[in-house]
2 protein chains.
Amino acid sequence: MIETPRAQYTQIAETIRARIEEGTYPPGSTLPSEEDFAREFGVTRPTVNRAIGQLRSSGDVKVRRGAGTTVRSLARIHRDSRKRYAARQQGTGAGEVEARELNLESRTEYRQIGRVDTPPAVASVLGIPASESSLLRSRVLYANNEPTQIADSYFPWSKTKDCKALMKPDAGTGGSYGRLAEIGYGPVRFTEDVTGRTPTDSEQRILDLDPTQWVFEIRHVAYTATDLPIEVCIHVMPQHLWSLGYGWEESIVETGK
Amino acid sequence: MIETPRAQYTQIAETIRARIEEGTYPPGSTLPSEEDFAREFGVTRPTVNRAIGQLRSSGDVKVRRGAGTTVRSLARIHRDSRKRYAARQQGTGAGEVEARELNLESRTEYRQIGRVDTPPAVASVLGIPASESSLLRSRVLYANNEPTQIADSYFPWSKTKDCKALMKPDAGTGGSYGRLAEIGYGPVRFTEDVTGRTPTDSEQRILDLDPTQWVFEIRHVAYTATDLPIEVCIHVMPQHLWSLGYGWEESIVETGK
């Protein structure tokens, strides 16, 4: 559709972004200085600074104090809601599937595994009183040593407390879902709610984000064959690092004929 | 998890946000002035201004030149990928389903309906040469007179050019999918890819957004029973106005036992 004329700094940001996409400034490389850009584009340094600010918000570049501005090194990772569960069955933790597809080195770091108070919002989805504990498996995932997501999985404590494998970082073949299946709570149906927001201070630190870089918050719920919600997982994922893929069938019946 | 101490303006933003949630400042109401807040919190006006800036980015408030700062009036709208198609069968256009569920007054404004050059990214999904035209149905959706999304649907021109109803804003009962079914291209399978980004200048204008308010870009693809991609719809939706819901079944087979 028709675009209105762009602000000068937006035009400069788009020119630099195009050069990044063409490979003029390759992934991980250091950009020319603001002075250099100001000279090249015939504008003031504050204008260049605003353009760089836009590229920083959108995740195209990283600005490191004293180390200059570098081009993003990770390409966007596609997270397919269905493929990832298929991959679990071959023994790969779902969280690492996507990184491996792109030949990125993936790593999961557990922050906490154990019994916790259930956050009220999680309790209401699990259908348990907020006074009932949960088993929390909280982890940060990395691709090529860059943090790509925080994932906090909550399981009702009463149903999972006797499963020793779930208390360990490596829950074994098929991951935590494999263990749930063994104790009679194998997930067969899933829902995800996706929202977007700015990152908290803690998320900025853990995920190496600017306050202007939005995150996806995915509330993933796994249900057993008897429709019991057995897991709520809250994923927090920098938006510039991910695309989310979903698919479904639906027969559209003709009406009104 | 452990949070680091928050910046003062972030704390003030959170206090104001909590008051909005509690109803101290109801939807659509005008917030106290920055001077009032500065006095109340014992901080400088620039600190309050930064706090308001955060609330503005997150969509909690709107700042109108000369009209002060008002609390957001629309609650977040939940878009359920499955329910919306069921609703089509009862004759409601899918785009208006969610607004109606919340008793919001919904309205669709068509910007353009007709033959256009197919954007290369759309052509590759539709599996047609970029030289082949598409039928574009481009619209803006409103809830209570606030713009909530831009939706641009592309159909292969060669397959849809003879369908008169598709050339009109109101495509009839069951919407465009009803018409596609009648000409033998009824969609039965769907995929959606969700990404997030900052809005373009044009999107800021149409959707009444600040440059710091991110949008969802959903690439929705509809496939026929013979797996022919018959529609690509690009939805652009302010993130603070929406949550996106998906669901699927999957049998997790135990392995490695």
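**A guided look at chains A and B**

Visitor: How much of the accessible surface of chain A belongs to carbon and sulfur atoms?
Guide: This is a predicted model, so every value is computed from it. The accessible surface of chain A comes to about 11700 Å². The share belonging to carbon and sulfur atoms is 48%.

Visitor: What share of the residues of chain A count as buried?
Guide: The C-alpha trace of chain A spans about 70 × 60 × 35 Å along its principal axes. Its secondary structure comes to nine helices and ten strands. The chain has 257 residues. Of these, the buried share is 53%.

Visitor: Among contacts in chain A between residues at least 6 apart in sequence, what share join residues at least 24 apart?
Guide: Leave out pairs that are under 6 apart in sequence. Then look for partners at least 24 apart. Their share is 60%.

Visitor: Which strands are the edge strands of the open sheet of eight strands?
Guide: Follow the order: β4(A)-β5(A)-β6(A)-β9(A)-β8(A)-β7(A)-β10(B)-β3(B). The pairing is mixed, and the twist averages 20 degrees from one strand to the next. An edge strand pairs on one side only. That picks out β4 (106-117) of chain A and β3 (77-80) of chain B.

Visitor: In β10(B), what is the bridge partner of A:D193?
Guide: Strands of a sheet pair through backbone hydrogen bonds, either parallel or antiparallel. Strand β7 (residues 187-197) of chain A and strand β10 (residues 242-249) of chain B run antiparallel. Six bridges join them. In β10(B), the partner of A:D193 is B:G245.

Visitor: What angle does the direction of helix α8 of chain A make with that of β7(A)?
Guide: Helix α8 (residues 175-182) of chain A packs on the sheet. It touches β5, β6, β7, β8 and β9 of chain A. With the direction of β7(A), the direction of this helix makes an angle of about 145 degrees.

Visitor: How many residues of β6(A) are buried?
Guide: Strand β6(A) pairs with β5(A) in the antiparallel sense over ten bridges. It also pairs with β9(A), again in the antiparallel sense, over five bridges. The strand is largely enclosed by the rest of the structure, because its buried residues number eleven of the eleven.

Visitor: Which residue of β9(A) does A:D152 stand opposite?
Guide: A:D152 belongs to β6(A), where it is the bridge partner of A:S138. That covers the pairing of β5(A) and β6(A). In β9(A), A:D152 stands opposite A:I234.

Visitor: Which residue takes a positive phi in the hairpin of β5(A) and β6(A)?
Guide: This hairpin has two residues between the strands. One takes a positive phi near 45 degrees. That residue is A:N144.

Visitor: Is B:N144 buried, partly exposed or exposed?
Guide: B:N144 lies in the loop between β5 (133-143) and β6 (146-156) of chain B. Its phi is near 45 degrees, a positive value in a residue other than glycine. Its relative accessible area is 41%. Buried means under 20% and exposed over 50%, so B:N144 is partly exposed.

Visitor: What is the phi of A:D227?
Guide: A:D227 lies in the loop between β8 and β9 of chain A. At 45% relative accessibility, this residue counts as partly exposed. It is not a glycine, yet its phi is positive, near 65 degrees.

Visitor: How far is the sulfur of A:C163 from the closest cysteine sulfur?
Guide: A search of the whole structure finds zero disulfides over all chains. A:C163 is buried, with a relative accessible area of 9%. The closest cysteine sulfur is in A:C233. A disulfide needs sulfur atoms within 2.5 Å, so this pair is too far for a bond, at 17 Å.

Visitor: How many of the eight residues of helix α8 of chain B are buried?
Guide: Helix α8(B) is largely enclosed by the rest of the structure. Its buried residues include B:G175, B:Y177 and B:L180. Of its eight residues, the buried number is seven.

Visitor: Which residue shares a side-chain polar contact with A:T47?
Guide: A:T47 lies in helix α3 (residues 45-57) of chain A. At 17% relative accessibility, A:T47 counts as buried. Beyond its neighbours within four places in sequence, it is in contact with A:Q8, A:Y9 and A:I12. The polar contact is 3.0 Å, and the partner is A:T44.

Technical notes:
Residues are numbered from 1 along each chain as its sequence is written. Chains are lettered from A and ligands numbered from 1 in the order in which they are written. This is a predicted model: local features need pLDDT of at least 70, side-chain atom pairs count only at pLDDT 80 or more; totals for chains, interfaces and linings use all residues. Side-chain values use heavy atoms; hydrogens and water are left out. Two strands pair if DSSP finds at least two bridges between them. Helices (H or I, at least four residues) and strands (E, at least two) are DSSP runs, numbered from the N terminus. Axes are lines fitted to C-alpha atoms, for helices over the stretch in contact, and angles run from 0 to 180 degrees between N-to-C directions. Contact means heavy atoms within 4.5 Å. Buried means under 20% relative accessible area, exposed over 50%, partly exposed in between (1.4 Å probe, protein chains only). A polar contact is a pair of N or O atoms within 3.5 Å; within protein, one must be able to donate a hydrogen and the other to accept it, and residues adjacent in sequence count only if both atoms are side-chain atoms. Accessible areas come from the Shrake-Rupley method with a 1.4 Å probe; for residues, only the protein chains shown count as cover.
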